[in-house]
Structure formats: structure tokens, C-alpha cells
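Me: Could you take me through one part of this model in detail, starting with its covalent cross-links and then moving on to how its helices pack? I'd enjoy a connected account with the residues named.

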Amino acid sequence: MAKRTFSTLEIFLIFLFVLMTGITVALLSLSFITSGTTENHTGFPTTQIPPATQGPTAIQASPTPSTPEPTLFQNFSGYHIGVGRADCTGQVADIILMGYSKTGQNARGILTRLYSRAFIMAEPDGSSRVVFVSIEIGMVSQRLRLEVLNRLQSKYGSLYRRDNVILSGTHTHSGPAGYFQYTTFVIASEGFSNRTFEYMVAGIMKSIEIAHANMRPGKIFINKGNVDGAQINRSPSSYLRNPQSERARYSSNTDKEMVLLKMVDLNGDDLGLISWFAVHPVSMNNSNHLVNSDNVGYASYLFEQEKNKGYLPGEGPYVAAFASSNLGDVSPNILGPHCINTGESCDNANSTCPIGGPSMCIAMGPGQDMLDSTQIIGRIIYEKAKELYASASQEVTGPLASAHQWVNMTDVTVWLNSTHTAKTCKPALGYSFAAGTIDGFGTLNFMQGTTVGDPSWDSIRDQILGKPSEEIKECQKPKPILLHTGELSKPHPWHPDIVDVQIITLGFLAITAIPGEFTTMSGRRLREAVQEEFATYGMLNMTVVISGLCNVYTHYITTYEEYQAQRYEAASTIYGPHTLSAYIQRFRVLAKAIATDTVANLSSGPEPPFFKDLMAPLIPNTVDRAPVGTTFGDVLQPANPKYRVGEVVEVTFVGANPKNSAENRTHQTFLTVEKYEATSATWQIMHNDASWETRFYWHKGLLGHSNATIQWHIPDTAQPGTYRIRYFGHNRKQNSPKPAVILSFESTPSTFDIVTTW
């Protein structure tokens, strides 16, 4: 290949790339500290590292639970069911959002809170139980999983274990990063945030504890139906690589089916729901800076608000989880990819525009802006779930079971046929990984569908990180390797080798816990293979659900045929072209073990690591300061005296860094919208920061100064009357040489009226 000639702009970008990478590697190699020691001066303690005798295998041990078991009734038909929901938001400022890996996309406030939703199902005699937790975060990290299992063991003994607890991320791209232990994700997160990690762990634990304490006899019903108008395939040219005979069996290049579980008690009173549907929560694009749960979170919000009437968002007994599925190549931006400079379609194999290249090729949602699109897609999902919930009549019956193994995914022998084998690879990311997708393009001018490397980029990589081995290059073909992460181990491995595979079954329903993002056809092949394995050993007509982004994150999983195209999803299939086949083999093993009642004979597999020292966040903690003559919470811009429905109330305050509120939790919200009730002479809270009608923006200034702006988009349901907006915050204060302390404050500005006429 002829050597490429770079433009002045590209030379400048390459220089910046080399400089930033060099600095990052230096920081990672030289500046690692015990996790959390610079962050947690107050509030949470640093993460306790399990001693060697408390590794994941030891989770099978049975210390006396510190929490008494709820009394279980045995003489009924159904399951004991417990549901719980808890806040797991973490910090909402000075941390990068997880998903797009876009430098500069830091959190600067909050649109909605993030929640962990837990569901516990136990057999009538209490002999077996399973737990499914859907968490409104980008994905579950291995560190998060191991810490939760360790704490469950400490609290409940052997009741909740690695085999019967699934942790699943919804995959919102608008949640905080910083809770990973592998170097690739630590770099993408710009450090490890013990503050956010502890907040997430505590939220997951609390949701499980609530579900555990509230278990009652009940029934589970299942229903299925197609969701129209909520998704497109964002790599249709890759999908077309799959055999035509296989594609002909399906009416669409995305899985449109929603599977829904309806949970009620024996009186028929509603308890909760779990829904699985394949769509990327990327209606909020990579220009967003507000923490939120995106489209599937909005569906949960609508369902819970309907069932928990009279409660504020995030409160009330009913719990509705909209969990992820095989969403790898599925986008909610249903208007498709277009060149934003010319308007023409760029739905091609390289997602590139004639003028401007791939950075101009962007897919758009159905709304006027990303907030509108989020609500439109979320409402479509909600409406279908509401329909399926109302008509659900097929009861789920039968025993509960669970099976789990850890697998070294870098060394799986795959049987291609009765005589030929292949191997999985050490992890690597291809060139097209850096291109991003039509939902969020990369910052450098890489292109999807790249199957040949560039000598100049290879040279930069080799000088900074060393050359990839011939073995990994050969194994990963036709992927041109941009980052040979499986051969990088400083200061910690860059990608996981040891990965969870797990299935839990409720009667005829099997939930497969997938440690990544399966594409549409990958999910179909896995479902079919697991179903066939169950049928082979006597469990006929099993419904198999793909539950995505569970337990540990390993990027994407494409089919072998899709891998050849090397679009973004294939370039991010880190264990090579036979990754899907390896997973299918391992899940078949689990299905057979459940069907033949030989789970006890399964080996646990090699234990994953739990790293002690991780890099502190690159953004340091600073003392908050109010301007001279002011104090935190003082009003800088008051509300107008009067508003009408449909208008926006906006108040600006002297602010403090919102990340402080993830340590000192004196206040559970950054804001309230309150209405004066004359009859009782009290203020009634109408909205909080979990409401989709409110926005909390944080504006960072210099030397610890900042402002906070609260907006309330007045809904049609707002009644005339007198209102006020309150601001709740925490400021960091330090009087040297004493440690910093975090102090709470609140502000109540003057009132305003909502009127019907002027």
C-alpha cells in the first residue's frame, strides 16, 4: 500500500492523539493509587477488597445470614415474588458519560435519576430462587458484579450467588462512567471513581434488599408481541452477509418481539413487570450532558407513574423494568443515516458522505430534538408493554433453576464441524471501532468497513504500545488491529479474559445472561441453539430470552459472516471471528446441565481477578466557593411572577459541584417543584429531579465557582396556583490541614403563579 499523505489538520490531530495517549499511559503506569483514597474524604469508605479466601468461588460458602428470612407460605400454586427499586445514579458532574467514549462529554447535570430494579422469584417451599436485576447504567462491569456478590454473601450467606443472580445494564449512554477495572474502560472513563462505584453498588444492594424483604406469594404471566416503529438496523449491509436462507426465515433485519413478564400477588394486585426488547438507548445523542435513562428509562417512568399514582417518580411499590436484549446493531434513530450537510442518505457499507466523510453521516430520531425522540421511542415501547401486560394470560409454571460458569474466552476451541476446529483470540479492537457508528461517530476520521490497516496509524500504535504479535493478527483476520488489548497488561489487563456465562430458568422460560451486545442474527442463533439443547434433553417448547449487557462487558458479538464486513460491531467483537460460536457452545453446556439436573457437576471455571489499585479520576476534587457577598443557594436569576401551561420556569442559583451529593446524601434530590395548598397551608411536592418535566444544569466556573440552573417545563396537567422551586446541594469545604468536609444547603426562592389568562 502506498504511504498515505496527511493534511495539516490530520497531522495536528495525530500529534494530539500521540500526546494524549502518551500522557494517559504515563498516568496509568505511574500514578495509580488505592481506589478511592483521594475521593472519599467523607461519606463512603474505600472499596474493601475480598481476601484470597473470599474469591468468587467462595460465594458458595454459607455464613449465618445477618438478615432474618421472611416467612414463606408453602401451600399455593405460583412463586414467591419480591420487587425492589433503588437509586443508583452516582455523580452527575465532573465525570464522563459512559457509552459514546467521546472526550469532553462530561456530565453537567441531571434530567432523570437512574434506578436499579430487582426481582426475586422463589419456589413455594423456598428451595430454589433466582434474582434478576435491571440497572439503568451503560453496562455491568466485572468489578461491580464481584463487589455485589461479595456483599450479598456477607449479608445473606449462600442464598444469593453467582449462579442465581443476574445483573443486567439497560445500556443508557447517559449514565456516569468510572466503575470499571480493565484499562481500556478506565481510560474511556478517565479514571476510576470510587464515589460513583460505591453509589451504584449501594443502589443495587438496596434494590435486592427491598425485594427480599417484600416477598409474597404470587403468579407470573408471560406475553409476547411485536413493537413497530421503534428501531432500525444500523448495519444492514453487515446483516446481508448472513446466508440468504437464514435471512429468509425472518421478516425483518431486527428483532421486533417484546417478551414481557407480568407479576401479581395471589389477590391479583400488581407487583411489577420485566420486559426485554432490542433497541439501543441512544435517542439521547453524544452532545448530551445530562444524566438520564434514555428511551427505555422513559418507558419505565411512564409505566411506574401509571401504577404508582400519587407517588413521586422513583417512589411507590410497583416496579417496571425495561431490560436490554440483542441490541448490538439496533438503533432507535428510525429516520436513518443522512449526511447532515447535504441531506442525502449515507446508508452504505462505510457510513460515509461524499462531502465530509463519515463524520457527516448521522442517524436521527423521529422527534424535533433528542429529548423529543427519547420520549417518542420510549412511549412506543411503553404502549406495547401496556397492551401486552393487560392481555397476559399464559402463566409461567414449573421449577426454578440456574447455571453459571466462568470461561476464559481467549482460549475456547470451537468445533466448526465434526472434523475441524478453530480458536477464539486474545482481545483486540479493529480500525472500525474508532469510527463509531451512525448513532455517534468517532472523533478521528476512521471509517466503518475498514479491512486493511494504515501504515501511519500502525506506526503510531507500535511506537506507543508496541507491535501486536503475528499470532493475534492472524487470529483476528480480517480485522486490521488498531489496539491489541489482549497483549497489553500494564498497569492492568486492558480487557477481560475471564467472562461469565449464565442461564436462569423459570419453568419454560430461560433467561440467558449475555456479557455484551449481540447483534440481531447473533441473538437469533443463540436462542435457537439453547432452545434446541433444552429440547434434546426433554425440555420442550422453551422460551429463550436474550438478556444483554450482563455481569461483565465484552463489547459486541457478531456472526462469523458479519465479522467479515468489519463495521463497528465486528471491529468491536474482541475475541475474534468465532466469538459467537464459542458462546453458543458454552451456553449449550449450561442448558444441558439444567435439563439433565447435573448443574452440581459443572466446574466453576477460572476465577476472574479483582484489581486493588486503579487510577484516580483525572478531574480533581476542588473546594466550592461562592462569590463575595453571596452564599450557596442565593438566587442569581429569579422566576417570573407568572407563567402559563407549556412555558418554562427557569431559576439560576449560586451553585456547588453536584458530585458532592454522591458522597453526602443529606438530600435525595437536587430540586423540587412545590405547589401551595391553601386549605392545609402546606407546600405539596409535585416534581423532583427524577421527573422528565425538570432539568438541572450545572455551569462550572473558575476557582471553585459555579452556577446551577433549574428548569421546569410546565406540563398540561399543572393546575393554576402558587408554586416555588427549591434547590438542594452540597458544597466541599476545606480548612487546611483538616480533611475536606461536605456540607448540605438548600434554597427556597420567591414564589410564582401559574395562571390560565393574563
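Reply: Happy to. In what follows, a disulfide is a pair of cysteine sulfur atoms within 2.5 Å. Please keep in mind that this is a predicted model.

Let's begin with that cross-link. Searching the whole structure turns up three disulfides, and one of them joins Cys339 to Cys353, with an S to S distance of 2.2 Å. The angle about the S-S bond is -110°, and the link of Cys339 and Cys353 is left-handed. Its two ends sit in distant parts of the chain, 14 residues apart: Cys339 belongs to strand 15 (residues 336-339), while Cys353 is in the loop between strand 15 and strand 16 (361-364).

For the wider setting, an unreviewed UniProt entry lists residues 79-585 as "domain: Neutral/alkaline non-lysosomal ceramidase N-terminal". In the model, the end C-alpha atoms of residues 79-585 are 31 Å apart, and the span is 27% helix and 27% strand.

Now for the helices. Helix 2 (residues 142-156) packs against helix 4 (residues 194-213) at an angle of about 45°, and their axes are 10 Å apart. At that angle, helix 2 and helix 4 are therefore oblique to each other, and their crossing is right-handed. On the helix 2 side, the contact includes Leu144, Val148, Leu152 and Tyr156, together with Arg143, Glu147, Arg151 and Lys155. Among the helix 4 residues they meet are Phe197, Met200, Val201, Ile204, Met205 and Ile208, and also Glu198, Glu209 and His212. Sorted by class, the contact of helix 2 with helix 4 has 10 nonpolar, one polar and six charged residues.

Another pair is helix 7 (residues 294-307) with helix 8 (residues 370-391), whose axes come within 7 Å and cross at roughly 50°. That angle is why helix 7 counts as oblique to helix 8. The crossing of helix 7 and helix 8 is right-handed. Helix 7 contributes residues including Asn295, Val296, Tyr298, Ala299, Leu302 and Phe303, and these belong to a contact with helix 8 residues that include Ile377, Gly378, Ile381, Tyr382, Ala385 and Tyr389. Charged residues take part as well, among them Asp294, Glu306 and Lys307 in helix 7, and Arg379 and Lys386 in helix 8. The contact of helix 7 with helix 8 divides into 10 nonpolar, four polar and five charged residues.

Further along the chain come helix 11 (residues 520-536) and helix 14 (residues 579-595), with axes that come within 8 Å and cross at roughly 30°. Angles under 35 degrees count as roughly parallel, so helix 11 is roughly parallel to helix 14. Their crossing is right-handed. From helix 11, the residues in contact include Leu526, Ala529, Val530 and Phe534, along with Arg525, Glu532 and Glu533. The helix 14 residues that meet this helix include Leu580, Tyr583, Ile584, Phe587, Ala591 and Ile594, as well as Arg588 and Lys592. By class, the contact of helix 11 with helix 14 holds 11 nonpolar, one polar and five charged residues.

Finally, a few backbone details to look up in the loops. The peptide bond from Lys477 to Pro478 is cis, with omega near 5°, and Pro478 is in the loop between helix 10 (470-476) and strand 24 (481-483). Lys490 and Pro491 are also joined by a cis peptide bond, with omega about -5°; Pro491 is found in the loop between strand 24 and strand 25 (498-506). Then there is His171, a residue other than glycine with a positive phi, near 85°. His171 is in the loop between strand 7 (165-169) and strand 8 (175-176).

Note on methods: Residues numbered from 1 in each chain as written. Predicted model: local features only at pLDDT ≥ 70, side-chain atom pairs only at ≥ 80, totals over all residues. Heavy atoms only, no water. Axes fitted to C-alpha atoms, helices over the stretch in contact; angles between N-to-C directions. Parallel < 35°, antiparallel > 145°, perpendicular 65-115°, else oblique. Left-handed = near helix turned anticlockwise from the far one by under 90°. Contact = heavy atoms within 4.5 Å. Nonpolar A, V, L, I, M, F, W, Y, C, P; charged D, E, K, R; others polar. UniProt positions renumbered as here; feature names shortened; annotations may be inferred.
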